[in-house]
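Me: I should like to go through the enclosed spaces and the ligand site of this structure, with the reasoning behind each term made explicit.

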Amino acid sequence: MKQICVVGVGYVGLVTGACFADLGNKVVALDVNEKRIENLKKGVMPIYEPGLDELVKRNVKAGRLSFTTSYAEAIKDAEYAFIAVGTPSADNGEADLQYVEAAAKSIAKNMSAPLIIINKSTVPIGTGDWVADIVTKAQPKPIPFWVVSCPEFLREGSAIGDFMSPHRTVIGSLHHDAAEKVAHLHLPLRAPIVITDLRTAEMIKYASNAFLATKISFMNELADLCELVGADVKEVAAGMGYDARIGRHFLEAGLGWGGSCFPKDVKALAFMAGEKGLEPRILNSVMDVNYDRRLEVVEHIGKMTGGLKGKTIGLFGLAFKPNTDDMREAPSIDIVRHLTEAGAKIRAYDPVAMDVARPLLPDIEMFDDPYEMAKGCDGVIVVTEWNEFKQLDLDQLKSMLKKPVVLDGRNIYDPERMKAMGFAYRGIGRGMS
Ligand SMILES: NC(=O)c1ccc[n+]([C@@H]2O[C@H](COP(=O)([O-])OP(=O)(O)OC[C@H]3O[C@@H](n4cnc5c(N)ncnc54)[C@H](O)[C@@H]3O)[C@@H](O)[C@H]2O)c1
């Protein structure tokens, strides 16, 4: 059993804390957001993540997981302190490190024994050294510490499974003992462990996210060509994916990537390249292709409905992907804006993200039932591929719609079947449009 402190109880911090507790460690999770900590103490989760509620409650009950807003309390007995605070985009695309800086200073001021400080937040290359400087300067008296990078690769929606069965654990430190100790903590996960220097570990995280985003943008560009030459991008992806050199994941064409990671991480990597005088041509194209998806879908639905002015458009899904309530950089936000600018009225249904979405999209009407939402719509767009949309009663859907127009932004329906049922149907990249 190890004593661990986790700083930040968001998607990464709370999952990290709960999972390490479940592995038998003693974890104190800390956040500056008092409401979040108050709620967690009452068993109310701050985010929607499948399985998290049960995992947290079980480990709190067993006395292995607790919550606090006090740094002194959280790191009193800790051997390891994970920093898992947000690193959002600043206006120029650079990662905003204000939360990391505040966390590092608070750790420094409150530590009373040697500590391994582990950066789990996604941070620009060089941040580990910068954090070490901050801690050294902020310590009231010198106490040994080591900064280690251990980037997180989990995906929202399958975060617990991803954390417990990672493809690899990346550990960055030139300090042999600290790296060994962090490796030891991760041994129960039984994943390959890559031990490297701090900067390389930080780069591995950005490179991985940027590469996955590139795969998706590549397929989206290909989808447009598929429509012009009469090929089906879904079948193309399947045919490509059997090749182990390519892999079958992240080949789905659709409305593009969003969420709290890819957009800010691709931007931050491009910013870092620019800072060093390199023009990040691939990264810039990857972002441009992605943004264009959000415009194109509005153009397509406009054509399908004979113009958007005065029309009512329904959205199936708002979250940036299924199984999460995360609305950060969700394609739905831009899609709603472009539809509204074109004069359409918007209705939406999402199984879990509507509470989070309401303040962001105050002018759209939200419904608790997908069929009610579709009632009277001139067309619907599948924005998020929630499982429950895959098995909708399509006859019922058709009977609810004013016009049977479906733009399937996630390619969840069979085009032939939809057309045979009398829908005006369009997927993404599925043969001649
Ligand atoms: N969300 C993901 O899927 C994911 C996956 C891998 C990596 N990451 C990275 O992990 C980091 C955290 O992401 P997230 O999605 O969990 O963020 P989040 O916004 O969900 O949570 C961050 C938490 O940190 C807290 N916080 C901010 N400043 C603090 C401080 N000084 N002391 C204590 N707590 C503080 C906030 O109140 C919040 O609860 C980011 O760098 C992100 O890029 C995220």
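Reply: In this predicted model, the residues that line the largest cavity divide into eight nonpolar, two polar and four charged.

Me: What makes Pro-151 and Glu-152 part of that description, and which elements contribute to the lining?

Reply: Lining residues have an atom within 4 Å of a cavity point. The largest cavity has 14 such residues, and Pro-151, Glu-152, Pro-166, Arg-168 and Thr-169 lie nearest its centre. Helix H7 (159-164) and strand E7 (169-172) each give at least two residues to this lining.

Me: Why is the space called a cavity, and what is its volume?

Reply: A cavity is a set of points where a 1.4 Å probe fits but cannot get out, so the term denotes a space closed to that probe. The volume of the largest cavity is about 120 Å³. The search of the whole structure finds four cavities of 30 Å³ or more.

Me: What is known of the second largest cavity, and which residues line it?

Reply: Its volume is about 60 Å³. The lining includes Asp-224, Glu-227, Arg-293, Glu-296 and Arg-426. Asp, Glu, Lys and Arg count as charged, so these five residues fall in that class. The full lining divides into three nonpolar, two polar and five charged residues.

Me: Which helix supplies the largest share of this second lining?

Reply: Helix H12 does, with four residues.

Me: How do you know that Asp-31 and Thr-87 make polar contacts with the ligand?

Reply: A polar contact is a pair of N or O atoms within 3.5 Å. A polar side-chain atom of Asp-31 lies 2.6 Å from an oxygen atom of the ligand. For Thr-87, an N or O atom of the side chain is likewise 2.6 Å from a ligand oxygen atom. Both distances fall within the cut-off, and the pairs therefore qualify.

Me: What makes the contact of Val-12 a backbone one?

Reply: The atom concerned is a backbone N or O atom of Val-12, and it lies 2.8 Å from an oxygen atom of the ligand. The protein covers 91% of the 840 Å² of accessible area that the ligand has on its own.

Me: How many residues surround the ligand, and which helix gives the most to the shell?

Reply: There are 29 residues around the ligand, with Asp-31, Tyr-71, Thr-87, Glu-156 and Lys-264 the closest. Helix H5 gives the most, three residues. Helix H1 (11-22) and helix H5 (98-110) each supply at least two. By class, the shell divides into 14 nonpolar, eight polar and seven charged residues.

Terms used: Residues numbered from 1 in each chain as written. Predicted model: local features only at pLDDT ≥ 70, side-chain atom pairs only at ≥ 80, totals over all residues. Heavy atoms only, no water. Near = heavy atom within 4 Å. Polar contact = N/O pair within 3.5 Å; in protein donor to acceptor, adjacent residues only side chain to side chain. Areas by Shrake-Rupley, 256 points an atom, 1.4 Å probe, with all protein chains shown as cover. 1 Å grid on protein atoms, 1.4 Å probe; cavity = no way out; pocket = protein on both sides within 12 Å on 5 of 7 lines; lining within 4 Å. Points joined across faces, edges and corners; volume = space filled by probe spheres on them.
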